[in-house]
Amino acid sequence: ACAWPAGMWCLLVLLLPAAPAIRPAAASPAKTAICTCGRGTDVPGLDMGYNIEPILALDKFVREPLNGDLFFVLTWKKGTISQAMLKFLRTSPHVKSLHWDDVTTAKLDLILETLEMGHAENRTWLPTLLLPGSGSLDGHGKPYKFLLLTVQWHRCLENVKTVEKSQRFRYSYVAFTRLDLVWMAGHPPLSVLEAAGCQSGATPVWGLDGEEYGGLNDRYLLTERRGAENVAGIFGVFKTFKVMNELQLFIQRHGLDTPSKPLGAERLLLHGLIFAGFCIRRMTSVAAVAHQKEHHMGGTYMYERLTALRFSRLWGYGGHWEVNPEEPYLVGARCRGISRECCSAASVHFGGHMRCWEYTGQHVYSLQRCCRKRHVDVTLRPSNDTLMLWSRTILPPSEPLEFGEAVASVDDIAGSVSAAGLQAPRWVCFPTGPEEASWVFKVSEFGLQQSSRSPYSLMSAGAVQCYSVDRLLGKTAVASAWLAKQSVGRATQTERRDVDTTHRTK
């Protein structure tokens, strides 16, 4: 059942050890409680008796590096949970709590009823919590399924506290993740995350880069134990008009509009966490969502999966996690069209102005990558062997990589560089650079005939991240020469923004 790209999960089956039949006593208390929530029917194969590799990957790639225990709160159709899954849940010494039910629809109805009661005095902000297209209160639209996850987070933390009380110890960290998130490489060590913590003293919450949609990726969160109550209780921020109005006034005071319309789960999450006083940290993602009924290898979230696959290969070939340096070697790209106004520090901290995600011309994937010099706080440094291979085989890009405003070394115009006698910098881009864009995304010949833009420039804004090979190799002379050309690069980017961008990417 090798349904995954390049047979990845078939290989994983061979590498992962079988769970022991007897639960041995733990040598030392676990540091992290890992809450896994969601619907079992979302995950390919879990309800069909095979392919529990996503769960084994969670055990191998997340629980082991975090020295963790597993807690499950799941919604599962009765009688369909596979024997393989049951065996893992019953035999793993690291599964400390399990709860599942079959009431997704009933729970969403209950959540909607709770929201309507809490917002009865004033329904101004209620549409922001409902799915787009069903926001009519008369039509009783369904709330975001993210809100169901927040209810499961709360239930899971209660189970965590029960285990803490019975075993007379307290976890240091709590993670909240989804059952349909498939990890492909090892989680960053806690020591690296701690080294990239918040200097302000605020409690950090770690999320994955990408899939931000004007907020924070909601697939995975990790926080210190002291912050777990506020993460698990975030539904309380949205439950009543009173607190929700305080949240919106808080956002408005920081210069952002707060329209009374569906905003998306990611934006709700980011604003709720900042409102609760958290310090937001992001790490390079080596995980991607997998759903049933996917029609191609890229899956429903193609940029997320292809990027995670490439970063996971770096880890597999000896790459290691480290704090992203102040002069980063990994930067965001494909950012043409993102204005300076959209990149103001205050607005980007809150996910950016909504108009920056909605303007005509292209789909925006990430403002963080285009607007922040260090769009991630922790990332993967390739191994020396990988760097040596890149240094021998990687050529300068065939077209501008379209770096964002915040990136100091604008290595764009190959012709200007050659004319100035400068060495052209080398970049390795994920999920793809200009040379592979048409192959990876299968841009049709008809589509190219209808647009004057290249396959690479048709990708979503902020969908690309690029490693500077020269900076990784310590060749600072190249970067310094490019810094001297910064004004030329910025002027050229400004000219590009004047080009007609009315062609919409399908």
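Start by selecting Cys429: at 6% relative accessibility, Cys429 counts as buried, because the cut-off for buried is under 20% relative accessible area. Keep in mind throughout that this is a predicted model.

Next, add Cys466 to the selection. At 0% relative accessibility, Cys466 is buried as well. Show the sulfur atoms of the two residues: a disulfide joins Cys429 to Cys466, with an S to S distance of 2.1 Å. Turn the view to look along the bond. The torsion about S-S is 105°, and the link of Cys429 and Cys466 is right-handed. Now colour by secondary structure. Cys429 sits in strand E13 (residues 427–430) and Cys466 in strand E14 (residues 464–468), so this disulfide ties together parts that are 37 residues apart in sequence.

Move to Cys335 and Cys370. These two are also joined by a disulfide, S to S 2.1 Å. About the S-S bond the value is -90°, and the link of Cys335 and Cys370 is left-handed. Display the backbone around both ends. Cys335 is in the loop between strand E11 (330–333) and helix H12 (345–349), whereas Cys370 is in helix H14 (residues 367–371), so the pair ties together parts that are 35 residues apart in sequence. Is each end buried or exposed? Cys335 has a relative accessible area of 3% and is buried. Cys370, at 1% relative accessibility, counts as buried too.

Now select Cys35 and Cys156. They form a disulfide with their sulfur atoms 2.2 Å apart. The torsion about the S-S bond of Cys35 and Cys156 is about -95°, so this disulfide is left-handed. The pair links distant parts of the chain: Cys35 belongs to strand E1 (residues 32–39) and Cys156 to helix H5 (residues 145–167), 121 residues apart. Both Cys35 and Cys156 are buried.

Stay in this part of the view and select Cys37. Cys37 is buried, with a relative accessible area of 0%. Which cysteine sulfur is nearest to that of Cys37? The sulfur of Cys156 is the nearest, 5.0 Å away, and Cys37 is in no disulfide. A pair counts as a disulfide when the cysteine sulfur atoms are within 2.5 Å, so Cys37 and Cys156 do not qualify.

To finish, select every cysteine and display the S-S bonds. How many disulfides does a search of the whole structure find? The search finds six, among them the links of Cys429 to Cys466, Cys335 to Cys370 and Cys35 to Cys156.

Technical notes
Residues numbered from 1 in each chain as written. Predicted model: local features only at pLDDT ≥ 70, side-chain atom pairs only at ≥ 80, totals over all residues. Heavy atoms only, no water. Helix = DSSP H or I, 4+ residues; strand = E, 2+ residues; numbered from the N terminus. Buried < 20%, exposed > 50% of the residue type's maximum accessible area, 1.4 Å probe, protein only.
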